[in-house]
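Reader: I have a model open on my screen and would like to learn how to read it. Could you walk me through some features?

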Amino acid sequence: MSAQLTDPITLAGRHAPARVLLGPHPTNLGAGRALSPRHVAYYERRARGGAGIVVTEVASVHASDWPYERAPLASDCVGGWRDVVAACRPHGTLVLAGLGHTGLQGSSAYSQAVLWGPSGIADVISREMPMQMEQAEIDGLVEGFRAAAAAAVSADVDGVELDAGPRGLLRQFHSNLTNVRADEYGADPLRLTREVLAAVRDELGPDRVLSLRLSCDEATSWAGITPSIAAGHARELAEALDLLVVVRGGPMTPNAYRPDFHQSPAFNTELCRNIRSAVAGMVPVVLQGSVVDPADARRALDEGVADVVEMTRAQIADPDLVVKIRRRAAPRPCVLCNQTCQVLDPRNPVVTCVGNPTAGHETVDPVEGIADVATGAVLVVGGGPAGLEAARVLALRGHRVTVADASARVGGMVRAAVGAPHLRALTDWLENECRSLGVEFRLGTTVSDADIDAAEREGATVVLATGSRPRPLPFPVEGSVRCVGAADLLDGGAPAEGPHVVFDPVGGPVGVAVAEWLAAQGRDVSIVTQDSVAGSRLGMTGDLADANSRLQRAGVTRHLDSRIVSIGDDGMRIRNRYTAEESVVPCTVLIDCSHRLPEDTLGSSHTDAVRVGDCVAPRTLLEAVREGRTAALTVSAHRQNEFDHHPFTLVNER
């Protein structure tokens, strides 16, 4: 009989209560280069939710490595590791300290020092040339790993995980893409890793876990680590390990490690199966790679793909993932959007989740499920993500909640979004949770100011989540050209014939998704943007290069650095913003993907009504859910409903 996700597993004599692992990932929760109380709360919340193993954010083992501003430094992390262990151990969770060095894929911006690398080969992303490490640097690196392991042991961690993944210096030694040395470290690319493993094991002893995160496919066809080469690496290193995490990616394929929803979930399944076969039981193996559905994770164990499953983003989305698996309850879904859980971008944000904005904010957000002292009736106007999250949390806290929406189905803009069916999993979950908590839905109901007046007279609190409306186009449109909002496409807004032009002044995911969707319908599609690349803001989700490749393959014409001057029967006139040169693009249908305006007319005279989401300012899914939750948590508890047994009515209900 195969193991279950909720079954324990023993590693180096230590018992993890479940076979679900939270992997290391940048969080920006640090205080300087140390783990902070926010880290502690973040990891404790996932341990309380049932995680079997937590691997902390990778700490640099040597001061030469400072890959991002708040990147932990192992020598500064002893107190933080100790606090994480103290917080997680009561839940039975094993805590492994993540240790690594990013080498030539790091940054010199903070260290103000030369990058280290196996060879003098510039990084393909930063184009920065590293120094080739000589024996002194190699010895310093091995000593850095040893000292970091000793520091982790002093904090009483259950073990460590070493990074030989896509950005790791150890992986850079493994690959002939980055290691062209003529010495013994070039002839034997695993030599450095073996030296590091031996030094770390000496500090850990036999009764603490030694895990290795190993890139087993750099996803390059001409060179680098291939699955067959990696199988040999895994066999050679397996006997020194207590756990092996199979990952993919390298310098040429930075998006391969944590791709968004365009890559199928559980994409490393066959790779992991082959590596597990290669090590032949010498070490337990972990499946990593967009595993967010418990069914996929169970299947991996059932089919012998892995012994443990890493479900990092799934546990960011729902820290109670394992508890809910035990209870056979539906966890809050991870939609693999990468919009807020990837923090290495110019905004320098803190890790969080569009569907669970409490992630990363555990030290400041109130607990949502505590019942209010005084409860009453609440009317939520609007069934988009902001309204649904407000309704869910209010119902959890004991309020009697009604959601009214003019549409026949809830979901708001998420329901209307083309090319993004993955996002609907979140609004579907919110709706199901609301219904299970007894929220009343009045769909196909237009709420008026008179309805709000009546609800407030009867003591109800009103939450307005009325969404957004189209913004007038900033250029003249004449003749027979049809203009359609992106939100109207699924309602048959775009005819089947003639050239379609996507107007995308935002540069986010919407314009690219609409262009791809139209191309998939067989339409002649072009996209106009004032940016020098389509979907410019997709760099923050890791999808920028891939998105432009998909547009190219789909035959979408990109008009870059351009603004629309006018549209008429003779076509769409665009002007290059640098040269002022004008050209005419054929256009029978314009799809507007620009920013929208708040739909704020309802309840404009009701100062007590709480507004959330797009009706405040149209933004992203994160802000909608976060504001819905915040509104629910701050609804005045002292407003006791005088009509406990007399629910309000809606004048215009139909």
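**Salt bridges and helix packing**

Author: Let's start with one side chain: arginine 550 is buried, with a relative accessible area of 12%. Keep in mind that this is a predicted model.

Reader: Okay, and which residue does arginine 550 form a salt bridge with?

Author: The general idea goes like this: side chains of opposite charge can pair when their charged atoms come close. Here, arginine 550 pairs with glutamate 516 in a salt bridge, and their closest N and O atoms are 2.9 Å apart. Arginine 550 sits in helix α17 (residues 544-554) and glutamate 516 in helix α16 (residues 509-520), so the salt bridge ties together parts that are 34 residues apart in sequence.

Reader: How many salt bridges does the structure hold?

Author: There are 39 salt bridges in the structure. Another one joins glutamate 303 to arginine 273, with 3.3 Å between the closest N and O atoms. That pair links distant parts of the chain, 30 residues apart: glutamate 303 is in the loop between α9 (294-302) and β13 (308-310), while arginine 273 is in helix α8 (residues 269-279).

Reader: Are glutamate 303 and arginine 273 buried or exposed?

Author: The range to remember is 20% to 50% relative accessible area, which counts as partly exposed. Glutamate 303 has 42%, so glutamate 303 is partly exposed. Arginine 273 has 25%, so arginine 273 is partly exposed too.

Reader: What about glutamate 627, which residue does its side chain meet in a salt bridge?

Author: Glutamate 627 meets arginine 619, at 2.6 Å from N to O. Arginine 619 has a relative accessibility of 35%, so arginine 619 counts as partly exposed.

Reader: Which residues are linked in a network of salt bridges?

Author: Look for Arg332, Asp365, Glu368, Glu389, Arg392 and Arg629; salt bridges link them in a network. Hold on to Glu389, because you'll meet Glu389 again among the α12 residues that contact α18.

Reader: Now helices. At what angle do α2 and α3 pack?

Author: For any helix pair, look at the angle, then the handedness, then the residues that touch. Helix α2 (residues 78-88) packs against helix α3 (residues 135-154) at about 45 degrees, and their axes are 8 Å apart. The two helices are therefore oblique to each other. The crossing of α2 past α3 is right-handed.

Reader: Which residues of α2 and α3 meet?

Author: On the α2 side you have Val78, Trp81 and Arg82, and they meet Ala148, Ala151, Ala152 and Ser154 of α3. Sorted by class, that contact of α2 with α3 has five nonpolar, one polar and one charged residues.

Reader: And how does α12 pack against α14?

Author: Helix α12 (residues 385-396) and helix α14 (residues 424-436) pack at about 30 degrees, with 9 Å between their axes. This time the crossing is left-handed. From α12, Pro385, Leu388, Glu389, Ala391 and Arg392 meet Thr427, Trp429, Leu430, Glu431, Glu433 and Cys434 of α14. The class split for α12 with α14 is six nonpolar, one polar and four charged.

Reader: What angle does α12 make with α18?

Author: α12 and helix α18 (residues 621-634) pack at about 30 degrees, and their axes are 7 Å apart. That angle makes α12 roughly parallel to α18. The crossing of α12 past α18 is right-handed. Pro385, Ala386, Glu389, Ala390, Val393 and Leu394 of α12 make the contact with Leu621, Ala624, Val625, Gly628, Arg629, Ala632 and Leu633 of α18. By class, the contact of α12 with α18 has ten nonpolar, one polar and two charged residues.

Reader: Last topic, loops. Where is glutamate 478, and which residues does glutamate 478 touch?

Author: With a loop residue, check its place, its exposure and its contacts. Glutamate 478 is in the loop between β18 (468-469) and β19 (482-485). Glutamate 478 is exposed, at 55% relative accessible area. Leaving out residues up to four places away in sequence, glutamate 478 touches Ile567, Gly568 and Asp569. The C-alpha atoms of glutamate 478 and aspartate 570 are separated by 9.7 Å, with their positions 92 residues apart along the chain.

Reader: And where is aspartate 608?

Author: Aspartate 608 is in the loop between β27 (597-598) and β28 (610-611). At 54% relative accessibility, aspartate 608 counts as exposed.

Notes: Residues are numbered from 1 along each chain as its sequence is written. This is a predicted model: local features need pLDDT of at least 70, side-chain atom pairs count only at pLDDT 80 or more; totals for chains, interfaces and linings use all residues. Side-chain values use heavy atoms; hydrogens and water are left out. A salt bridge is a side-chain nitrogen of Lys or Arg within 4 Å of a carboxyl oxygen of Asp or Glu. Helices (H or I, at least four residues) and strands (E, at least two) are DSSP runs, numbered from the N terminus. Buried means under 20% relative accessible area, exposed over 50%, partly exposed in between (1.4 Å probe, protein chains only). Axes are lines fitted to C-alpha atoms, for helices over the stretch in contact, and angles run from 0 to 180 degrees between N-to-C directions. Angles under 35 degrees count as roughly parallel, over 145 as roughly antiparallel, 65 to 115 as roughly perpendicular and the rest as oblique. A crossing is left-handed if the near helix is turned anticlockwise from the far one by less than a right angle, and right-handed if clockwise. Contact means heavy atoms within 4.5 Å. Ala, Val, Leu, Ile, Met, Phe, Trp, Tyr, Cys and Pro count as nonpolar, Asp, Glu, Lys and Arg as charged, and the others, Gly among them, as polar.
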